[in-house]
Amino acid sequence: MKGFGKSDIGRVRALNEDSIFVSNTPVGRLPNLYIVADGMGGYKGGEVASSSAISYFCEYAENYQGEDDILDIIVEGVRYANRMIIRDARNDAERLGGMGTTFTALVVNEGKLYLAHVGDSRAYAAGGGSIRQITADHSYVMELVKAGKLTKEEARNHPDKNCITRALGVEDEVLVDGIVNSFDSRFVILCTDGLTNMVRDEEIEGLLLSDWRLEGKAYRLIDEANSRGGYDNISVIVIDREVG
């Protein structure tokens, strides 16, 4: 198994407010670690929020000495990162006030996927002719879909599709989705909405199943989003179970 990630500014934005982290080797007690974060805020605030959240999460993981299982470690790591970026924003309110970020962290261990998730960045399982979203979007339009007021297709094109209902940096305590799934597909992909707003799920799977090498698959996904406008920053991490 191996993961590879790439983050791209896109074709429109002046700054890349996405951040990623890829480690195919242990981080503290975690056997591997993959993270995507999509920042938001004022001048450079989003860039700081996403990169700082990853740094604080890794700090927590590297220093963790307890006996909790993987899911508890990563969920609490997200909560710690949330507290730290709120502290930073309060200490530098003029520059960083209002900053926040989505956060999706993945650990793979013994045939299982462990995820801690906040916001509308996504994790998918793909391969074998299907693609399945593992995470649930914490967004206004997804609430409307759950309530039966919008279809998924209507949500995709809704003017408020980028309005998220959960993020790090907003509240002193953040609600984190902790998810455990079997790793029974060939691929797992983490990505920000700069990809999913431009490229449909079935197209993502088709690109993953191409003959490109692992790195090429990530680059190809980003190229596809850019070819359709690249209106947002685009970040992708692809994990291939069959690559050693």
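**Exercise 1.** Which helix does S55 lie in? Work out its exposure class too.

*Solution.* Keep in mind that this is a predicted model. Start with the secondary structure: S55 belongs to helix α1, which spans residues 45-63. Next, take the relative accessible area of S55, which is 47%. Exposed needs over 50% and buried needs under 20%, so S55, at 47%, counts as partly exposed. Finally, look across to A81: it sits 26 residues from S55 along the chain, and the two C-alpha atoms are separated by 8.0 Å.

**Exercise 2.** Find where E110 sits, and say whether E110 is buried or exposed.

*Solution.* Locate the residue first: E110 is in the loop between β5 (103-109) and β6 (112-118). Then check the backbone: phi of E110 is near 50°, a positive value in a residue that isn't glycine. Last, the surface: with a relative accessible area of 75%, E110 is exposed.

**Exercise 3.** Lay out the open sheet that contains β1, and say which strands are at its edges.

*Solution.* Write down the order of the 5 strands: β1-β11-β10-β7-β8, with antiparallel pairing. Now pick the edges: β1 (2-8) and β8 (131-133) each pair on one side only. On average, neighbouring strands here are turned by 20° against each other, ignoring direction.

Zoom in on the β8 end: 3 bridges link β7 (residues 122-126) with β8, and A126 stands opposite I131 of β8.

To finish, add the helix: α8 (residues 214-227) lies across β1, β10 (187-191) and β11 (234-240), and runs at about 30° to β1.

Key: Residues numbered from 1 in each chain as written. Predicted model: local features only at pLDDT ≥ 70, side-chain atom pairs only at ≥ 80, totals over all residues. Heavy atoms only, no water. Pairing = 2+ DSSP bridges. Helix = DSSP H or I, 4+ residues; strand = E, 2+ residues; numbered from the N terminus. Axes fitted to C-alpha atoms, helices over the stretch in contact; angles between N-to-C directions. Contact = heavy atoms within 4.5 Å. Buried < 20%, exposed > 50% of the residue type's maximum accessible area, 1.4 Å probe, protein only.
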